[in-house]
Amino acid sequence: MKVVEIRMLRCMCGLAKRDRIRNVDIRDKMGVASVKDKMREAGLRWFEHVKRRCTDALSRPKKYKGEAITQDMTHLQVTENMTLDRRLWST
């Protein structure tokens, strides 16, 4: 990931590997954080989301896609024939 990231940044700056500019300097010049840092940040954001969830949310039984669709249709009071017209059920 780092190699591809730096290669793209060098290309955006118009630099070649033979110019011997340090990766840190290129990243500073472009004003971007490393992909590794961004991935770590996204992982922590996901973990925060999981920790905030209600504890009983994890113990609920899994729904199959068909059951979820049937529940949504009941909630929106939509029949199968009505699903073909998006204006009736979309928000």
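**Exercise 1. The largest pocket**

Give the volume of the largest pocket, then state which residues line this pocket and how they divide by character.

*Solution.* The space in the largest pocket is about 250 Å³, where a pocket is found on a 1 Å grid over the protein atoms alone, as an open set of points where a 1.4 Å probe fits, with protein on both sides within 12 Å along at least five of seven lines. The points are joined across faces, edges and corners, and the volume is the space filled by probe spheres set on them. The structure is a predicted model, in which local features need pLDDT of at least 70 and side-chain atom pairs count only at pLDDT 80 or more, while totals for chains, interfaces and linings use all residues. Residues are numbered from 1 along each chain as its sequence is written, and side-chain values use heavy atoms, with hydrogens and water left out.

Next comes the lining, whose residues have an atom within 4 Å of a point: these are Lys-2, Val-3, Ile-6, Arg-7, Arg-10, Lys-17, Asn-23 and Arg-27. The elements that give two or more residues to this lining are H1 and H2, with helices taken as DSSP runs (H or I, at least four residues) numbered from the N terminus. H1 supplies the largest share, 5 residues. By character, the lining holds 2 nonpolar, 1 polar and 5 charged residues, where Ala, Val, Leu, Ile, Met, Phe, Trp, Tyr, Cys and Pro count as nonpolar, Asp, Glu, Lys and Arg as charged, and the others, Gly among them, as polar.

**Exercise 2. A lining residue without a partner**

Determine whether Arg-10 is buried or exposed, and identify the nearest side chain of opposite charge.

*Solution.* Begin with its place: Arg-10 belongs to helix H1, which spans residues 2-13. Arg-10 is buried, a class that requires under 20% relative accessible area, with exposed set at over 50% and partly exposed in between (1.4 Å probe, protein chains only).

Then consider charge. Side chains of opposite charge can pair when their charged atoms come close. A salt bridge here requires a side-chain nitrogen of Lys or Arg within 4 Å of a carboxyl oxygen of Asp or Glu. Arg-10 has no salt bridge, and Asp-19, the nearest side chain of opposite charge, is 6.1 Å away.

Finally, list the surroundings, with contact meaning heavy atoms within 4.5 Å. Beyond its neighbours within four places in sequence, Arg-10 is in contact with Leu-15, Ala-16, Lys-17, Ile-21, Asn-23 and Ile-26.

**Exercise 3. A bridge between two helices**

Find which residue forms a salt bridge with Arg-27, and describe the setting of the pair.

*Solution.* The partner of Arg-27 is Glu-5, and the closest N and O atoms of the two are 3.2 Å apart. The pair links distant parts of the chain, 22 residues apart, with Arg-27 in helix H2 and Glu-5 in helix H1. Both Arg-27 and Glu-5 are buried; Glu-5 is placed in that class because its relative accessible area is 7%.

The contacts of Glu-5, leaving aside neighbours within four places in sequence, are with Arg-27, Ala-33, Ser-34 and Val-35. Over a sequence separation of 31 residues, Glu-5 and Lys-36 lie 9.9 Å apart, C-alpha to C-alpha.

Another approach of H2 residues to earlier residues can be followed at Met-30, which lies in helix H2 (residues 23-30). Met-30 touches Leu-9, Met-12 and Cys-13, not counting residues up to four places away in sequence, and its C-alpha is 7.5 Å from that of Leu-9, 21 residues apart in sequence. Met-30 counts as partly exposed because its relative accessible area is 28%.

**Exercise 4. Salt bridges within helix H3**

State how many salt bridges are counted, and examine those formed by Asp-37 and Glu-41.

*Solution.* The count comes to 4 salt bridges. Asp-37 pairs with Arg-40, the closest N and O atoms being 3.4 Å apart, and both lie in helix H3 (residues 35-52), 3 residues apart, about one turn of the helix. Asp-37 is partly exposed at a relative accessible area of 39%, and Arg-40 is partly exposed at 47%.

Glu-41 pairs with Arg-45 at 3.2 Å between the closest N and O atoms; these two residues of helix H3 are 4 residues apart, about one turn of the helix. Lys-38, Glu-41 and Arg-45 are linked in a network of salt bridges.

How values were computed
Lys and Arg count as positive and Asp and Glu as negative; His and the chain ends are not counted.
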